[in-house]
Amino acid sequence: MTDPGRESVIITGGGVIGSGIAFELAKRGVPVTLVERGRIGGEASWASAGVISLPSRPWVTPERVELGRVSLECYPSLVAELEERTGLAIDYRRPGEWVVAVDDEHAAAERAVASWQRGLGLDVEDVPPDVARKTEPALPESLLAAWFHPNVGSLSVYRLTQALAMAARQLGATVLEETPVGGLLREGNRVTGVRLQDRDIRADMTVLATGAWTRLLGDALGVTLPTKPVKGQLIAFANAPLRPACVVSGHGGYVRPRPDGTTMVAATEEDVGFDRRVTGDGVAWLLELTRTLCPVLLQGEVAETWTGLRPGSETGDPLIGPVPGFEGLWVSAGHFRTGAKEAPATAMLVAEALITGKTPPLLAVFSPAAQGINA
Ligand SMILES: Cc1cc2nc3c(=O)[nH]c(=O)nc-3n(C[C@H](O)[C@H](O)[C@H](O)COP(=O)(O)OP(=O)(O)OC[C@H]3O[C@@H](n4cnc5c(N)ncnc54)[C@H](O)[C@@H]3O)c2cc1C
């Protein structure tokens, strides 16, 4: 695309990724249509725990770390802009995060992560357990080791997504809800738009931002876009005698206090297809995690349980870039556990790439071609 005044884009999928791209394109004057099968932000972006965390998996690529870093930098001004444009409260806060361990094995693993994070120049404080418990009385008595990340934040990913779509609409985008895309329109190897139930709509570029469902649209074209759903179950507590002021993470999960007074505990990681049930095993795992990280919450009421389908991929990395073998078709899906954190940078970089026709260096490694996907 060379002239944003004339070229048009259809974004399929109104989660935080698709809505973010729609907003960034609309802001740059590109005619954009966002097509969502259900309600904007109603899937993974609704279920999301919304923790805007530091990188915590030392095996991730430097580009993935950078995608998160750029997003973290964007968040304060993006939230301020969206709240001003839409009046929606996105509840972005940066209370910090406790990383905790209650046994030697987890303490050793977290120590290694903390040292890797320091190597990246991130702010990580070692805190003696007695000091940590004095500062955060909701931490467990059995605390063995603790670290504090002052820059970790949290937000409502659902409201962020709604605000992105609303702001995109105010800037001229067309936003279609309750509108499933049944397939892609083709002229030879060029994708020219999408097929809806009652009509076709056409554009110069179509972007698949369909989260865990992206593989289905790829299959219909004969190209494997290997996304898969990874189920997460969550629980929220209310009215416990104490709750943490910050995010608390460790032992494979995390606890997040929410502005409505409830505290969520997240999340299982299950490769069970599109199953969305809250199960006994899932709740048992969450209760055990609560006992480990913040046992005082168990004295409260269970306020809510829910599940969501993270957009996983074969590699754990997102697929972002042109779909091999086709013109006029991009994909941006598969952000897995950190899509909320990475949405702002993803959206800005995808918009820039679509407008200039040049893939920014940071995105190159995530392109389907670079990940070995062929038509
Ligand atoms: C339990 C859980 C906890 C999480 N916690 C965190 C966290 O703490 N921090 C973090 O950074 N990330 C977290 N994530 C991950 C993050 O929420 C996701 O990576 C992100 O929301 C993915 O956004 P998306 O837009 O790609 O997908 P989705 O939000 O799933 O959006 C995809 C959209 O595409 C639509 N769609 C699909 N097919 C079609 C079609 N044919 N036609 C039209 N529309 C279609 C769907 O209806 C859906 O709305 C969590 C996710 C879950 C599930």
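In this predicted model, six strands form an open sheet with mixed pairing, and their order across the sheet is 8-2-1-12-19-18. The edges are occupied by strand 8 (174–176) and strand 18 (319–322). Each of these has a single partner strand, so one side of each is left without a neighbour in the sheet. On average, and with direction ignored, neighbouring strands of this sheet are turned by 15° against each other.

Within that order, strand 12 (residues 205–208) stands between strand 1 and strand 19, and the pairing on both of its sides can be followed residue by residue. Towards strand 1 (residues 9–12), the two strands run parallel and are joined by four bridges. Here I10 is the residue that stands opposite T206 of strand 12. Towards strand 19 (residues 329–333), the pairing with strand 12 is again described by bridges: there are three of them, and the two strands run parallel. In strand 19, L329 stands opposite T206, while W330 is the bridge partner of V207. T206 therefore has a residue opposite it in strand 1 as well as in strand 19, because strand 12 pairs with both.

The side chains of strand 12 may be considered next. Which residues of this strand point one way, and which the other? M205 and V207 point one way, whereas T206 and L208 point the other way. All four of these residues are buried.

A helix also belongs to this part of the picture. Helix 9 (residues 339–356) packs on the sheet, where it touches strand 1, strand 12, strand 18 and strand 19. The direction of helix 9 makes about 170° with that of strand 19.

The description now turns to a pair of helices. The axes of helix 3 (residues 62–86) and helix 6 (residues 157–170) come within 9 Å and cross at roughly 60°. Because of this angle, helix 3 is oblique to helix 6. The crossing of the two helices is left-handed. From helix 3, the residues that make the contact are L82, R85 and T86. Helix 6 contributes A163, L164, M166, A167 and Q170. Sorted by class, the residues in the contact of helix 3 with helix 6 are five nonpolar, two polar and one charged.

How values were computed:
Residues are numbered from 1 along each chain as its sequence is written. This is a predicted model: local features need pLDDT of at least 70, side-chain atom pairs count only at pLDDT 80 or more; totals for chains, interfaces and linings use all residues. A residue is buried if 20 or more other C-beta atoms lie within 10 Å of its own, exposed if 12 or fewer, and partly exposed in between; C-beta atoms are placed from the backbone. Axes are lines fitted to C-alpha atoms, for helices over the stretch in contact, and angles run from 0 to 180 degrees between N-to-C directions. Angles under 35 degrees count as roughly parallel, over 145 as roughly antiparallel, 65 to 115 as roughly perpendicular and the rest as oblique. A crossing is left-handed if the near helix is turned anticlockwise from the far one by less than a right angle, and right-handed if clockwise. Two residues are in contact if their C-beta atoms, placed from the backbone, lie within 7 Å. Ala, Val, Leu, Ile, Met, Phe, Trp, Tyr, Cys and Pro count as nonpolar, Asp, Glu, Lys and Arg as charged, and the others, Gly among them, as polar.
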